[in-house]
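Hi there,

Here is the structure I promised to pass on. Have a look at it first, and then read on for what turned up.

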Amino acid sequence: MPQTYKNIVVLTGAGISAESGLATFRAANGLWNNHPVEEVATIEAFQRNPEYVHDFYNEMKPELYGAKPNPAHLALSKLQKEYPGKVSIITQNVDTLHEKAGSNGVLHIHGQINQAVCLNCGQVMESWGEVNTETVCPHCQVAGMMKPNIVFFGESLLCMNEVDRLLQSCDLFVSVGTSGVVFPAAAFVQIAKQYGAETYEFNLETTSNNFYFDHHIMGKAGETLPKFVEVLLAK
Ligand code: NAD
């Protein structure tokens with residue numbers, strides 16, 4: 001580990017929010033809150049039955065609204081504020097726990113539970129309240145065209161130009177609580193490594209793409225990540 005890094009990129013997945021009480025995807029055996037993914041997280045499902053898909057995400061909102069950041073989210077926020085180099089956070093999570101912990105500029109590549117996008121004008125609206133098939137877009141005033149701003153299977157990830165730029169310029173890549181099976185995020189470590197970054201994985205277990213990580217830190221992120229951040233800040 002060198003004295004300081006210029007550009008740190010942290011990729012987080014559902015595992016970082018597990019200690020805040022939010023179930024991971026894998027832990028639920030491929031079901032998301034007891035629903036098969038193809039019924040609630042594909043564009044075909046949304047076209048077939050938008051009311052059902054809206055209801056699913058509306059029902060998730062209270063739990064995610066009430067969730068509190070845990071020591072892992074807080075450690076990353078502290079790193080962003082106190083580290084002399086740049087620290088960027090890319091998250092696959094649709095919760096907003098990084099923001100609640102005080103992090104800025106978080107790139108939500110899979111979208112956010114508290115947002116909806118208008119399929120008519122492309123603008124995003126924020127709401128922790130119910131969004132449904134009658135909701136009027138506050139930008140173009142057209143009703144019935146709002147989609148949860150969640151990236152469904154088969155859709156392109158958000159913010160990818162910025163993500164590519166970060167991966168190509170980072171000198172430390174840290175992955176926290178992601179199983180490494182959901183692409184293209186699973187390939188981010190490979191890209192960062194090709195461009196010369198040192199790579200760390202924080203997880204409870206060894207993941208399927210562990211080959212690309214220089215270091216594996218096993219354990220709960222809420223325990224391991226704060227220690228790692230203290231080491232980085234002490235250098
Ligand atoms: P995943 O559920 O596939 O994998 C979670 C990983 O975290 C596993 O490898 C597990 O071993 C690890 N883990 C669990 N608890 C941990 C802890 N306390 N400390 C460290 N590691 C821990 O998650 P994924 O790779 O992010 O992919 C699932 C997709 O489902 C995501 O892309 C996301 O969009 C969505 N999702 C989001 C949330 C959320 O927003 N909180 C929750 C569930 C699923």
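A word on terms before the details: two residues are in contact when they have heavy atoms within 4.5 Å. Please also keep in mind that this is a predicted model.

Let me begin with helix α4, which covers residues 71-82. Its twelve residues, at 1.5 Å each, should span 16 Å, and the end C-alpha atoms are indeed 16 Å apart, so the two values agree. At the start of α4, the backbone nitrogen of A72 has a side-chain oxygen of N70 within 2.8 Å. A72 is also one of the buried residues of this helix, along with H73, A75, L76, S77, L79 and Q80. What lies over them? The cover includes two strands, β1 (7-12) and β4 (86-91), as well as the helices α5 (97-100) and α8 (221-234).

Now to the ligand, which I suspect you will want to open next. It is surrounded by 27 residues, and Q92, D95, H110, S179 and N203 are the closest. Sorted by class, this shell holds ten nonpolar, twelve polar and five charged residues.

Which backbone atoms does the ligand meet through oxygen? A polar backbone atom of Q92 is 2.7 Å from a ligand oxygen, and one of V94 is 2.8 Å from a ligand oxygen. From H110, a polar side-chain atom comes in, at 2.7 Å from an oxygen of the ligand. On its own the ligand has 850 Å² of accessible area, and the protein covers 94% of that.

Best wishes

Note on methods. Residues are numbered from 1 along each chain as its sequence is written. This is a predicted model: local features need pLDDT of at least 70, side-chain atom pairs count only at pLDDT 80 or more; totals for chains, interfaces and linings use all residues. Side-chain values use heavy atoms; hydrogens and water are left out. Helices (H or I, at least four residues) and strands (E, at least two) are DSSP runs, numbered from the N terminus. The expected span of a helix is 1.5 Å times one less than its number of residues. Buried means under 20% relative accessible area, exposed over 50%, partly exposed in between (1.4 Å probe, protein chains only). A polar contact is a pair of N or O atoms within 3.5 Å; within protein, one must be able to donate a hydrogen and the other to accept it, and residues adjacent in sequence count only if both atoms are side-chain atoms. A residue is near a molecule or strand if one of its heavy atoms lies within 4 Å of it. Accessible areas come from the Shrake-Rupley method with a 1.4 Å probe; for residues, only the protein chains shown count as cover. Ala, Val, Leu, Ile, Met, Phe, Trp, Tyr, Cys and Pro count as nonpolar, Asp, Glu, Lys and Arg as charged, and the others, Gly among them, as polar.
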